[in-house]
Amino acid sequence: AEFAVIPYRQSALLIQKKLSLSEYADAIIAQCASSDYRPGCYDKEIPKLMDVLSMEDVFKVTALVQEKDSDYWYCHVLGHNLSSRETAKNPAKWKEVIPRCPMGMCSNGCIHGALQERFRKEKFSDKEMQSALPDLTDICDEKPNWHPTGMEQATCYHALGHLLMYLGDADTKKSVELCENIAKKPDGRDFLTVCYDGVFMQLFQPLEPEDFALVKGKTPAKEGLKAFCSPYDTRPRASCWSEGWPLYWDQVKQPAGLMSFCSVLEKGVMRERCYNGMFFIMASQFQLNTEKIIGFCREIPLPERNRCFANGAGRIIETDEKLVAQALAICAAAATVDAGDACYDELVMYS
């Protein structure tokens, strides 16, 4: 094909002529074939197509890349970038981007990007914050043009947690309070935990230069994490500790180290929250590699072994709804070490 001889070093070179979506996918795969880390290359190269394609078509190209390279199912960062670019085209229409995000793909990262792009460069006074709250209070709720699943709503409230850190200039206490105003509904629905997670994830896992600038000098040292988290009530304290895992990465990437990390928290809600969060996180850190997830979970003692397999399988479904076979493979392996029922129950819950 003629496009194949184009030296794809910049998007402008690739898009000198109109290509089919499949040809764009093939060109990007060829560009990234020699990269030391292909997923990172895809995260960088695919957004360049936003110059000539709609956001929806770029996600279709992404799906074609995924069909040909199974190492790229976890594309959450790409989802951020694509919707951020779409929102930047017309920030006044940021609310219209969210319903256009694909369901069950890239860990719903698209929803995150739309919210953060609209507000990431603003700092609000308390008065301005109060005037913005009505927009934020219902942005994740069902609308005539958007009928979100429970997972999509949870993802949206998680993104709000990230966003609230921008609006509050990385004041975690203020952001936690705002979660409590926004993410707990009068009808009993409660998205507080995912909102808290978003707040503390923004602190401990910055991605973009603006993120690093936002939290500079505000992240505690490893030795100070427990003291930093201790002033919060039970649920935000559990989120604070669990989302602080990057400070302990060398420890938690080993099964025994992860168990030790969570055992610092008191038994009950806090420790269970830590296990749930960490097993979910480890699946993505393993790039959804089922053999690595299975090997890791086999070394977790009962009863937490059940939770490890279940959350690993759940994370795979949450990442992309096309990964049913991989999720079932994890549950099949779990069944050989007395953890199958819990794993299958988790998949039923996600369905």
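In the predicted model, a search of the whole structure finds 10 aromatic pairs. One of them joins phenylalanine 200 and tyrosine 232, whose ring centres are 5.4 Å apart. Their planes stand at 80°, over the 60 degrees required, so the pair is edge-to-face. Phenylalanine 200 belongs to helix 11 (residues 192-204), whereas tyrosine 232 sits in the loop between helix 13 (225-229) and helix 14 (234-243). The pair therefore ties together parts that are 32 residues apart in sequence. Phenylalanine 200 is buried, its relative accessible area being 0%, and tyrosine 232 is buried as well, with a value of 9%.

A further aromatic pair is made by tyrosine 275 and phenylalanine 279 and is stacked, with 5.9 Å from centre to centre and 10° between the planes. These two residues are both in helix 17 (residues 269-285); because they are 4 residues apart there, about one helical turn separates them. Tyrosine 275 counts as buried at 5% relative accessibility, and phenylalanine 279 counts as buried at 2%. Elsewhere, Trp241, Tyr248 and Phe261 are linked into a cluster by ring pairs.

Phe261 also appears in the description of the nonpolar core. In soluble globular proteins, nonpolar side chains tend to be buried together. The largest nonpolar core of the model has 110 residues, and the members that touch the most others are Leu115, Leu136, Leu160, Leu258, Phe261 and Met278. Helix 9 gives the most to this core, contributing 10 residues. Contacts of leucine 160, with neighbours within four places in sequence left aside, are made with Leu115, Leu136, Ile139, Cys140 and Ile182. Leu115 and Leu136 are thus named both as contacts of leucine 160 and among the core members that touch the most others.

Leucine 160 also takes part in the packing of helix 9 against helix 10. Two packed helices are described by the angle between their axes and the distance between the axes. For helix 9 (residues 150-167) and helix 10 (residues 172-182), the axes come within 9 Å and cross at roughly 140°. The crossing of helix 9 and helix 10 is right-handed. On the helix 9 side, the residues in contact are Tyr157, Leu160, Gly161, Leu164 and Met165; on the helix 10 side, they are Thr172, Ser175, Leu178, Cys179 and Ile182. By residue class, this contact of helix 9 with helix 10 comprises 7 nonpolar and 3 polar residues, with no charged ones.

How values were computed: Residues numbered from 1 in each chain as written. Predicted model: local features only at pLDDT ≥ 70, side-chain atom pairs only at ≥ 80, totals over all residues. Heavy atoms only, no water. Axes fitted to C-alpha atoms, helices over the stretch in contact; angles between N-to-C directions. Left-handed = near helix turned anticlockwise from the far one by under 90°. Contact = heavy atoms within 4.5 Å. Nonpolar A, V, L, I, M, F, W, Y, C, P; charged D, E, K, R; others polar. Core = buried A, V, L, I, M, F, W, Y, C linked by side-chain atoms within 4.5 Å. Buried < 20%, exposed > 50% of the residue type's maximum accessible area, 1.4 Å probe, protein only. Phe/Tyr/Trp six-rings, centres within 6.5 Å; stacked < 30°, edge-to-face > 60°.
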